[in-house]
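Could you walk me through this structure, with an eye to how its helices and sheets are put together? I would like to follow it piece by piece.

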Amino acid sequence: MRFIGKFIQIIFGSFFALLTLGAIGLFAVYSYYTPQLPSDADLRKIEVQVPLRIYSRENQLIAEYGEKHSRPVKLSEVPEKLQLAFLDIEDARFYDHGGVDFKGVARALYSAASTGETSQGASTITMQLARNSFLNAERTFDRKLKETLLAFRIEQELNKKEILELYLNKIYLGKSAYGVASAAETYYGKPLGQLTLAQYAMIAGLPKAPSRYNPIVNPDRAMQRRNYILQRMLEFKHISQSEYDTATHEPNTATVHEIAIETNAPYLAEMVRAEIVKRYGITNAYTQGYNVYTTLDSKQQASAEESLRSALMSYDHRHGYRGAEEKLDLGDFKNEEELRDKLSTYPTLGGLEPALVLQASASSAELMVGETKINLKTSDVAWARPFKSADQRGASPRRVNDVLHVGDIVRVRQTDKEKNTWTLSQVPTVGGALVALDPSDGAIRAVVGGFDFYHSKFNRVTQASRQPGSSFKPVIYSAALAKGFTPSSVVNDAPITIPGSNWHPENFGGHYVGPTTIAEALAKSRNLVSIRLLRSIGINYAVDFATRFGFPREDLPANLTLALGTGMTTPLGMATAYSAFANGGYKIEPYFITKIQDGSGKLMDEIKPIKICGDNVETCTITPPEDKSASKEADTNKDKNKKDAKAGESKAKDEEKTKDAGKPIWETAALGAGNTTPVQPGAVQYPAAKRILDKRTHYQIVSMLQGVTQFGTAARAGRALNRKDIAGKTGTTNDQKDAWFCGFTPNLVAVSWMGFDDMAKLGEGETATNVALPMWIDYMHRVLAGTPSKEWERPVDLKEADLTPPDLIDGVDGEGNPATDENRPAAGFQYQSEGDIAAQRQAAQPQQPNSPNQPARPAAPRRPPERVEIPEQLF
């Protein structure tokens, strides 16, 4: 008995010794690892990484940036059966354990020992959350210890619902999808509430091995795992037998669904992305769920994209076919499936699909396009004369196989979806840009920086610094008007000699029209008149004046070539400058972000742009529209007299609105500026724009630019749009390297540009009138449809003689367009004859000698009809 007692003492002593050593060991382990683990505060700050999202002014999604595509949802938004699917397969005792399921660990060890399989894992949902939030994925004992300790800590800091919600939002489910909501969109293109039970089970099967059990990459294995999860749910009585039978017979419906981009504006999206990274850093930009709302108008953006692409393709087709993008040897491919795989490596660009020529004969060709095949006839390739140079093409093709050959990778464009008709095309090599903004505050409404962002990310709207050519002339003419010239001032269009300079500017062909008013000179883009005008007002004065419009001084040459637009600027720079012509003479700043919110919807920043507020004020107050529903509810609580009084006030307001309906914003009572009226609740104060053109100068230059679109180099715009409230200026640089049209209405400024990135020539005859203007007309035709005209208000002290240039003289304009009845002044233009102007001038001052170097002169007798072509040129 004594022996037995001693044995028991030894056993118990050893047990307590081991227990003590174990406790000491655990304490040592805890003490060692605790400093390496996150603090309690950090545990409560477990965040779901949410990508940056960018929206249009209508709240349509433009872009999403971030490696982790996630859509955070509350646990209450996750369907119960989806929650149960995850719990049944990942952690059936989730609500019973404290972070580590010791029974589960023992069960997993027994299963592994008895069957050699590890079908039952030991990691709880809490442990997975700890690993995914704070640890790496390495398989080491050290990492497992940290994971276990973290799981205990998380269970102490968070309740079970919080843990499950975080897990369902953070778990990686393949294809860059993080969280169940993102997975639902990625695999099924639906929100969680629209998924089936079978789809719940498919998603729940992904955490174990997102690639191995991926329904797209490995559909067979994914189906096996899905059905196993459904079986587990049936065993736990979380679904009925009928639900199980229905779900297991449902086919695999998973496919890759791209992010649902609602408005295509990649160039603007990149502008926003760069700004957010600049503000908040690259890590925060892509993970904190910032929602950025922009000024972009979705309809105007779509119109701009279509107009630019159409113009670029029209130019490209005029200059011929450059041949196949690549040639394949069909013998290198075993079957059509391999050919399709190869074809899929060529992206769709600007709506042009890649196609592989399979057969080609004299009358037709068979091409592979995606999963289908199409046929092209002779008429579909008729435009494809071989490109030789900007000014030369080969002969027109007579047979289809003159153009297409077996193995060619080419581009095709669908011309009719219903009839499934296609035509041969090609990705243009010429560059282009189109930008539109609201002149009242500079809000960018549309921006297209090239044919396709994914073909060239170079944003020509903001990054292409080019010479504006004659489109810069209105700045020079405005400076002259501000110095006392009028539209009817006469300047000699004749050769000029620059003392001490080898520069000899001349008109095309050496022909000149003699004395002409500056209004006609601007409308017809007469170069020599612009040079004389600049010399008359002074170069330094002109440069100073141009900086008012936002042009940097260092980009403006301090010499007479400035008159022909030899400075450097971007399409956005020109749109900013022309906004002053559109908005009554005020300088605005372009902007594209209206507000930024964090992932929780908290406002981080709200942009307050410069607004047109009137003169001599620093700020103005804008009150948001009255809440009509609230007003209606208030009316129900008032007696009839009060209602009648309010109705009278409302009628007066309506009459005021009707009176202002045809006026631009700066001429109405919509803005409160510089007054002592109490600020109403919800009213916002904005900085006031500074006036850079006085009212007289502004109206004069606008009337002259209206002449450009009525009878000048852009008369085509007046005929096509049939509106009086459009104005603008063409611009073509030397050798047709740049083609511009900068145009506007009182409510919208749009600038179109076309040119090669390497400064190559556009080709003979490819002036602004034929290249950039059609793009602008097409865009404005789309966006102005159904909108009434708005006239610019004429200053009361402006005399008719200070506005009216003479009738159009027979001949051609500065773009080489012949003068016809169509491009004579419209009915609304009451112009004086040149003889009338001459009589006025002669009565006021003596006749001056006709010197070719004379900067400005009085009106001369009516000249004979002009018969020479003087294309707009920059010499």
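Let's start with helices H9 and H10, in what is a predicted model. How do H9 and H10 lie relative to each other? Helix H9 covers residues 197–204 and helix H10 covers residues 219–235, and their axes cross at roughly 110°. Angles of 65 to 115 degrees count as roughly perpendicular, and so H9 and H10 are roughly perpendicular to each other. The two axes come within 8 Å. On the H9 side, the residues that meet H10 are Leu 197, Ala 198, Ala 201, Met 202 and Ala 204. Facing them from H10 are Ala 222, Met 223, Arg 226, Ile 229, Leu 230 and Met 233. Sorted by character, the residues of this contact comprise 10 nonpolar, no polar and one charged.

You can find a second helix pair further along the chain. Helix H16 (residues 473–482) packs against helix H19 (residues 539–547) at an angle of about 110°, and their axes are 9 Å apart. That angle makes H16 roughly perpendicular to H19. H16 contributes Val 475, Ile 476, Ser 478, Ala 479 and Ala 482 to the contact, while H19 brings in Tyr 541, Ala 542, Phe 545 and Ala 546. Here the division is eight nonpolar, one polar and no charged.

Now turn to the sheets. Strands of a sheet pair through backbone hydrogen bonds, and they can do so in parallel or antiparallel fashion. One open sheet has five strands in the order S2-S1-S5-S19-S20, and its pairing is mixed. Which strands stand at its edges? They are strand S2 (61–65) and strand S20 (603–606), each of which has a single partner strand, so one side of each is left without a neighbour in the sheet. Neighbouring strands here are turned by 15° against each other on average, direction ignored.

Look more closely at the S2 end of this sheet. Strand S1 (residues 52–55) and S2 run antiparallel and are joined by four bridges. Within this pairing, Arg 53 has Glu 64 in S2 as its bridge partner. Helix H12 (residues 266–280) lies across S1, S2, strand S5 (291–294), strand S19 (593–597) and S20. H12 runs at about 45° to S2.

Another open sheet of five strands follows the order S15-S14-S27-S26-S25, with antiparallel pairing. Its edge strands, strand S15 (444–448) and strand S25 (727–732), each pair on one side only. The twist from one strand to the next averages 5°. At the S25 end, six bridges connect S25 with strand S26 (residues 738–745), and the two run antiparallel. There you can pick out Lys 729, which stands opposite Cys 742 in S26. This sheet, too, has a helix lying across some of its strands: helix H14 (residues 298–318) spans strand S14 (431–437), S15 and strand S27 (748–755). Relative to S15, H14 runs at about 30°.

Finally, step back to the whole chain. How many helices and strands does the chain have? There are 26 helices and 27 strands. Of the 875 residues, 51% count as buried. Among contacts with a separation of 6 or more, 73% are between residues 24 or more positions apart. The chain exposes about 41000 Å², and carbon and sulfur atoms supply 52% of that area.

Definitions and conventions
Residues are numbered from 1 along each chain as its sequence is written. This is a predicted model: local features need pLDDT of at least 70, side-chain atom pairs count only at pLDDT 80 or more; totals for chains, interfaces and linings use all residues. Side-chain values use heavy atoms; hydrogens and water are left out. Axes are lines fitted to C-alpha atoms, for helices over the stretch in contact, and angles run from 0 to 180 degrees between N-to-C directions. Angles under 35 degrees count as roughly parallel, over 145 as roughly antiparallel, 65 to 115 as roughly perpendicular and the rest as oblique. Contact means heavy atoms within 4.5 Å. Ala, Val, Leu, Ile, Met, Phe, Trp, Tyr, Cys and Pro count as nonpolar, Asp, Glu, Lys and Arg as charged, and the others, Gly among them, as polar. Buried means under 20% relative accessible area, exposed over 50%, partly exposed in between (1.4 Å probe, protein chains only). Accessible areas come from the Shrake-Rupley method with a 1.4 Å probe; for residues, only the protein chains shown count as cover. Two strands pair if DSSP finds at least two bridges between them.
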